[in-house]
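Let's take a look at how some helices pack together and what sits in the middle. Here is the structure to follow along with.

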Amino acid sequence: MDERAPHGFGRFQGRTAVDRVELGRQHRKLTREEQALMDDREFWALVSLARRDPPATDQAAFAPLEAELGRRGEAEIKQFEDILAQLLYDLDRAEFAATPSAATGLPLSSDSFLYHRAAVVLAGEQAYRSVLEDPEKFDSCIGVGAPEAEFLLYVAQHAYESSTGKEWEHVSPVDYETGSNPAGWS
């Protein structure tokens, strides 16, 4: 285990997002519903339901994703959120954050950096893996007119609240806020 990684995150190296989320849950027995949760393929298929180039203010671009997720059980909605959180966490790296905004030439704010990381996820699995393998490809995600995908961060919450009538209280096992991934900032 990586001693520098909090909460034993070092054990997640080289695993898929679903594997990492499941490893984080090994301290308790999974329910039957949780055992039948989505895999990476299903996660990316769900993400593909959202429009890939939404303006930063277009929440409607995420409506098909939110509606489909809302038709699934509570556990799957939470699993979607956990996988998304892990993917965003993995993109939380200083080398990406140092990329200046094409519009201003200035470094991205922590919120803008998060929304651009969400846009990388929204671009799909191939784009996501490409950026992880070649950090210079992150530039193409933040160019002039590049989408920000802030609303992707709220899809699970909205789907949960609209389908259950309950308040969203789920906390993912990893924090995706900028600077949360210590290995990405060392």
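Contact here means heavy atoms within 4.5 Å. With that in mind, Leu69 touches Met38, Leu46, Glu76, Ile77, Phe80, Val155, Ala156 and Ala159, leaving out residues up to four places away in sequence. Keep in mind that this is a predicted model, where local features need pLDDT of at least 70, side-chain atom pairs count only at pLDDT 80 or more, and totals for chains, interfaces and linings use all residues. Residues are numbered from 1 along each chain as its sequence is written, and side-chain values use heavy atoms, with hydrogens and water left out.

Leu69 also turns up where two helices meet. Helices are DSSP runs (H or I, at least four residues), numbered from the N terminus.

| Helix | Residues | Contact residues |
|---|---|---|
| helix 4 | 63-70 | Leu65, Glu66, Leu69, Gly70 |
| helix 9 | 155-164 | Val155, Ala156, His158, Ala159, Ser163 |

Leu69 has another role to look at: it is listed with Phe43, Phe62, Phe80, Val121 and Leu152 as touching the most other members of the largest nonpolar core, which has 46 residues. Such a core is a set of buried Ala, Val, Leu, Ile, Met, Phe, Trp, Tyr and Cys residues joined through side-chain atoms within 4.5 Å; buried means under 20% relative accessible area (1.4 Å probe, protein chains only). Helix 5 gives the most to this core, with 9 residues.

Now for Asp92, in the loop between helix 5 and helix 6. Asp92 is buried, at a relative accessible area of 0%. Its contacts include Phe113, Arg117 and Trp185. Asp92 and Phe113 are 21 residues apart in sequence and 8.6 Å apart in space, C-alpha to C-alpha.

Terms used: Axes are lines fitted to C-alpha atoms, for helices over the stretch in contact, and angles run from 0 to 180 degrees between N-to-C directions. Buried means under 20% relative accessible area, exposed over 50%, partly exposed in between (1.4 Å probe, protein chains only).
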